[in-house]
Amino acid sequence: MNSRPRHLPQAVAVAVLAAALLAGCGDRNGLDAGTPAPAVSEQPHPEAVWPAWSQSPPKALGDGSAGQEPPAALKGLAVPQEGFAKTDVRDVLRADPDMRGYARLRDISGPGRSGIRPPRLVDLTGDGRPELVVAVDTPSGRTVVAVYTARDGKAYRILKSGGQRPCIETVGSDLLLRTPKDGGENAVRYHWNGVQLAALSDTTTYPRNQSAAPSTQRPRDHTRPCPTDGAADGPADGSREESGR
């Protein structure tokens, strides 16, 4: 007479399954030592639901250079092989018809006065050669920003922008200008598109306790970007503002 319990095969199967589960939990990744990792599957990519409507997807601001005319070289200015490091910033401003008037302003080394800030050399085109970034603080409190690039001994202006008391920053090879606006802050990010520095994004943000409606009140101090970078409300010597034209 066979005395083996009828449920023994089922018990053995359960024990085998439990051992397999415990073995799988021995490694945090679920793999035993020496077990090859599974192949990484290809990540999904966007696919058009209506392909006929997706042939010309909308582009971000400043994306692409189709239809844009390349800037003209500044006349009467030769950039040495060393680049803008050996070029007088006033010579660059005088050669630029839109910036010529600012060349008569004085040099300034800190905020609070109108004049030409120390020029900066920053690679904004990603080619490893720095561009010349010029900022002029006018007596009215506005700052004019111009960026120049050099090719084959010639200078080209690839951006002219500015605003009231702006904070001028770089994000990688992009240029970011933040200015106060209606109690909030407007931020424009400029990106090289192969022809010029074009606006890649233009956003305005407001404090949480303030609506986006324009405010007639003067912005609070904490909303002013770079409060120590802007020019004074007026010139220290009473001089008139240059038009730059």
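Pro-180 stands opposite Glu-185 in β8. That pairing is a handy way into this predicted model, since it belongs to the link between two strands: β7, covering residues 174–181, runs antiparallel to β8, and seven bridges join them.

Zooming out, β7 and β8 are part of an open sheet of four strands, laid out in the order β6-β7-β8-β9 with antiparallel pairing. The edges are taken by β6 (167–171) and β9, and each of these has a single partner strand, so one side of each is left without a neighbour in the sheet. The strands don't line up perfectly: on average, neighbours in this sheet are turned by 25 degrees against each other, direction ignored.

Between β8 (184–192) and β9 (197–205) comes a loop, and Asn-193 sits in it. Is Asn-193 buried or exposed? Its relative accessibility is 12%, so Asn-193 counts as buried, the cut-off being under 20%. A polar atom of the Asn-193 side chain also lies 2.9 Å from the backbone nitrogen of Val-195.

Next come the nonpolar cores. The largest one has 20 residues, and the members that touch the most others are Met-99, Val-134 and Tyr-148. At least two residues each come from α2, β3 (131–137) and β4 (142–151), with α2 giving the largest share, four residues. Apart from this core lies another, made of 12 residues, including Leu-124, Ile-158, Leu-177 and Tyr-190.

Val-134 deserves a look of its own. Setting aside neighbours within four places in sequence, what is Val-134 in contact with? The list runs to Val-89, Leu-93, Ile-116, Val-144, Val-145, Ala-146 and Tyr-148. Tyr-148 is thus named twice here, as a contact of Val-134 and, along with Val-134 and Met-99, among the residues touching the most other members of the largest core.

A last stop is Pro-80, which is found in the loop between α1 (8–24) and α2 (89–95). Unlike the buried Asn-193, Pro-80 is partly exposed, because its relative accessible area is 28%, and the partly exposed class lies between 20% and 50%. Once neighbours within four places in sequence are left aside, Pro-80 is in contact with Lys-86 and Thr-87. There is also a link to a distant part of the chain: Ala-150 is 70 residues away along the sequence, yet the C-alpha atoms of Pro-80 and Ala-150 are separated by 9.3 Å.

Methods:
Residues numbered from 1 in each chain as written. Predicted model: local features only at pLDDT ≥ 70, side-chain atom pairs only at ≥ 80, totals over all residues. Heavy atoms only, no water. Buried < 20%, exposed > 50% of the residue type's maximum accessible area, 1.4 Å probe, protein only. Polar contact = N/O pair within 3.5 Å; in protein donor to acceptor, adjacent residues only side chain to side chain. Contact = heavy atoms within 4.5 Å. Core = buried A, V, L, I, M, F, W, Y, C linked by side-chain atoms within 4.5 Å. Pairing = 2+ DSSP bridges. Axes fitted to C-alpha atoms, helices over the stretch in contact; angles between N-to-C directions.
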